[in-house]
Amino acid sequence: MRRLPRAALTGLVLLWPVAAPAQTPEPGLSDLDIEELGRIPVTSAARHPQPLASASAAIFVITREDIRRAGATSVPDALRLAPGLQVAQVTARDWSITARGFAEHLPNKLLVLIDGRAVYSPLFSGVFWDVQQVPLDDIDRIEVILGPGATLWGSNAMNGVINVITRSSAVTRGGLVQLRSGTSEHAGGSARYGFRVGARSTLRVYAMGSDQEPSDLADGTEAEDNWRLGQGGFRFDGAVGERDLVSVQGDAYLARGDQLARQVSLEPPYTTTVTGERKVDGGNLLARWTRTLSEASSIQVQAYYDRATRDQPPTTGRVTVDIGDVEFQHHFSPWQAHAVVWGAGYRLVADALDPTFGTSLRPASRTTSLVTAFAQDEIALVPARLTATLGLKLERNDLSGLEWQPNVRLLWSPLPGQTLWASAARAVRVPSRLDTDVTFVAQVIPGSPTTLLRIEGNEEFDSEALRSAEVGWRAELGATVSADVSAYHSWYDRLRSTHPAAPYAEDTLRIQPVSFGNDAEGRAWGGTAALNWRLHPRVLLRGSYTRLEMRINARDDAPSGSTPNVDPGFNPEQFASLFAFADLPGEFELHLGGRYVGALASPLVEEYVEAGAHLAWRPRAELMISLRGENLLHARHAEFSSAPTREMPRRAEVHVSWGF
């Protein structure tokens, strides 16, 4: 495996004394009080900017400053900062990220957006986190919604929404080089340069790459999950006249890495574990036009194209997915007490899979479409005190037909700095190709004739459905403390299940099919409490605690032998975090983080307490040199169930960032 040169890090350190233009310092901890934290603008809860404290949802914001101070090196790494979000590293490159339960290797009930572009795969409704890379300094904020967001963002936003929002190129002019090296990453980094294009337009270009070490197996041997990724892209922002803004951006990536894979065959020993190579590449292009009609009215048109190719032999052959999406949105106030946002969209998805003996899709290629329309009205029943929100999203897809996803929200501000909110919503997860078209050989049973135990998709698979009720309280408790508490109860119906079907002959083989169905149901309930405490003008503490209960069972009308395809044991019943951000003398910054995660029941992953630290020196605004340590309390430990189980090692890193 090729290594990137460690000498690059030394070379960057030698460059920093070169004169660079002065930059405006970023705000320090003492520049943001508790009240200002509540005024951070968010857009994910209403599709237009509003103060965080006014959102009638369990929403949390990870700012660019939070990411920098924590020393995070990837989007999943940064998401550990969000209260209530279940973040577990499965392998050196793969993550399981979800909210309010339903964790699995590739969770399918959480919608992830990057600048309005959905990054879930329509093949299985989940996210391939190994290629969702964004230069972290280009991120303005990450908005995390716990709970249904389907009325505005559509199907698959059942349990939450993650919205990664990047900065305009107008505020990233000049150059930036960031490098890192450590015990788990030979080398990684990014380079960016932004500049003016004419009088009212700006452009930035970037390149980034990483060379990731593999994780460990339980016996201490390497897990064959190393990862080498290269990515580049651009963003253009321009003003046309006084009312129009245009943005065009794109990314392209290429990644390779080893993998341990289970291979089935018709020859003894029938099932083996072999080493293959995971190969992925892809790119996207997004364009957005926004016109301001008045202070309370605007329209926006956004379109994007996304292509992703993934080859994971011998598990699957080469699969290619092409997505084209266009959406219109209009925000306006038809009457004094109303704020309406409505829109419509169309998406076309084309995919193709080269089959292997173990995995195939029937048909091997398919083109599907999605038509959407939504509307939401915020009604100020009592100005600045009581607001009601009514919304509805309609979707028409080729696999399950017409879906409707409404919500009702109520926000009450009884006192300055305090809000109470409640909501009721319905959301769905529409069928994917995994549900309807997959054919997967789970086991080869020798005999006369040879029998294949085969999991098969169901063309009649229906959407999974959710009904959810939520309540929340958000408050500023004096000048130094703020709290955010939410609780929910969710009812799930038509969850994915499996049941044996009648065997049949195929050529010289006997097939014992196990078919997907919608014969499971369940409940989940719990809540999250988060606290911000400014212990000192230079010290900010953030803590959170989450409780989760799940009950999943077969429906009363389920066919005989039906088994839910959901395992509550993949979810910890409770988890908590505590972070400290401090400005130290001598231009030093310190971040300390600790987290507790309860045990996973099946298969068992023991509960653990883990800690990390990031110490940075910023002698000038454009330069930062830092040391980061993660998993400091264990030489290695598992975070999620996998076969075989991977263990994440303790790691130490050196980071250098230089702007010019």
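Strands, like helices, are taken here as DSSP runs numbered from the N terminus, a strand being a run of E with at least two residues. In this predicted model, Phe-195 falls within strand 11, which covers residues 185–196. Phe-195 is partly exposed, its relative accessible area being 32%; because a residue must have over 30% relative accessible area to be counted in a patch, Phe-195 meets that part of the criterion with its value of 32%. The nonpolar surface patch to which Phe-195 belongs also includes Tyr-193, Val-197, Val-205, Phe-234, Leu-285 and Phe-660, and the accessible area of these residues together with Phe-195 is about 550 Å².

With regard to the protein as a whole, the secondary structure consists of six helices and 39 strands. The radius of gyration is 25 Å, in agreement with the value near 26 Å that would apply to a compact globule of 660 residues, and the C-alpha trace extends over about 80 × 65 × 50 Å along its principal axes. Of the 660 residues, 56% are buried, while the accessible surface of the protein amounts to about 27100 Å², with carbon and sulfur atoms contributing 60% of that area. Among contacts with a separation of 6 or more, 62% are made by residues 24 or more positions apart.

One open sheet is built from three strands in the order 13-38-37, with antiparallel pairing. Strand 13 (216–217) and strand 37 (636–637) lie at the edges of this sheet, and each has a single partner strand, so that one side of each remains without a neighbour in the sheet. The pairing of strand 13 with strand 38, the latter comprising residues 646–649, is antiparallel and rests on two bridges; within this region, Leu-217 is placed opposite Arg-646 of strand 38.

Further antiparallel pairing is found among strands 34, 35 and 36. Strand 34, formed by residues 588–597, is paired with strand 35, formed by residues 608–620, through ten bridges, and Gly-594 is located opposite Ala-611 of strand 35. Strand 35 is in turn joined by six bridges to strand 36, which spans residues 623–630 and runs antiparallel to strand 35; here His-614 has Arg-628, in strand 36, as its bridge partner. The connection between strand 35 and strand 36 is a hairpin that passes through two residues.

Terms used
Residues numbered from 1 in each chain as written. Predicted model: local features only at pLDDT ≥ 70, side-chain atom pairs only at ≥ 80, totals over all residues. Heavy atoms only, no water. Patch = residues over 30% accessible without salt bridge, like charges linked within 9 Å, V, L, I, M, F, W, Y side chains within 5 Å. Areas by Shrake-Rupley, 256 points an atom, 1.4 Å probe, with all protein chains shown as cover. Salt bridge = Lys/Arg side-chain N within 4 Å of Asp/Glu carboxyl O. Helix = DSSP H or I, 4+ residues; strand = E, 2+ residues; numbered from the N terminus. Buried < 20%, exposed > 50% of the residue type's maximum accessible area, 1.4 Å probe, protein only. Pairing = 2+ DSSP bridges. Rg over C-alpha atoms; globule rule 2.2 N^0.38 Å. Contact = heavy atoms within 4.5 Å.
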